[in-house]
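Biologist: I would like to learn how strand pairing and burial are read from a model, one feature at a time. Could we look at the structure together?

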Amino acid sequence: MTLDVNASNAADTLWVVGDRIRFLGGLSASDAELVEVDVPPGSGTPPHSHASAEMFYILSGTLTLRSFPEAGGRLAEVTATAGDAIRIAPGLWHNYSNDSDGPVKMLVLLAPSMVAFFREAGTPEPQAVPDLARLGAAMARHGITLSGMAA
């Protein structure tokens, strides 16, 4: 039996729009995989939902997370800082944004469908102008639905 090391200089790294995603791997007895996400100031996601749960663990910086209720409910907003862990339930409409002046680094525990989305949607370099048609097609293939709500 040996240790399986994913060295920082050897890990797969892609950019999804402005966020840097580093693929850290998963456990053989679990479907969950771990990614490291760097979110620069001003970056984030639009309101969306997907069938799988997620868990964010903030390593550094300040990240704003929102959940958008279905008809008639209230918007929930959380400001997460280093050491905070946030669980996002399957099917919950949500988004995140870095509204601060500094970068955010977080670990995210994901289901295989979300890892597959990031691998398909990612590019080797940051995207100054995202290819929305390409992103939309990847989202559709991996069960991610965008909301028309404003963040």
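Biologist: How many bridges join S6 to strand S9, and in which sense do the two run?

Modeller: Please keep in mind that this is a predicted model. Pairing is read from the bridges between two strands, and here 5 bridges join S6 to S9 (residues 93–97), the two running antiparallel. For one place to look, find Thr-64, whose bridge partner in S9 is Ser-97.

Biologist: Which sense does the pairing of S6 with strand S7 take, and over how many bridges?

Modeller: S6 and S7 (residues 76–81) are paired over 6 bridges, in the antiparallel sense, and within this pairing Thr-62 has Thr-81 of S7 as its bridge partner.

Biologist: Why can S6 be called largely enclosed by the rest of the structure?

Modeller: A residue is called buried when its relative accessible area is under 20%. In S6, which covers residues 62–68, 6 of the 7 residues are buried, and therefore the strand is largely enclosed by the rest of the structure. For the chain as a whole, buried residues make up 36% of the 151 residues.

Biologist: What pattern of strands and helices does the chain follow along the sequence?

Modeller: The chain holds 11 strands and 2 helices, and reading along the sequence gives β-β-β-β-β-β-β-β-β-β-α-α-β.

Biologist: How does the radius of gyration fit with a compact globule?

Modeller: One compares the value with that expected for the chain length: a compact globule of 151 residues would have a radius of gyration near 15 Å, and the chain, at 15 Å, agrees with this.

Methods
Residues numbered from 1 in each chain as written. Predicted model: local features only at pLDDT ≥ 70, side-chain atom pairs only at ≥ 80, totals over all residues. Heavy atoms only, no water. Helix = DSSP H or I, 4+ residues; strand = E, 2+ residues; numbered from the N terminus. Rg over C-alpha atoms; globule rule 2.2 N^0.38 Å. Buried < 20%, exposed > 50% of the residue type's maximum accessible area, 1.4 Å probe, protein only. Pairing = 2+ DSSP bridges.
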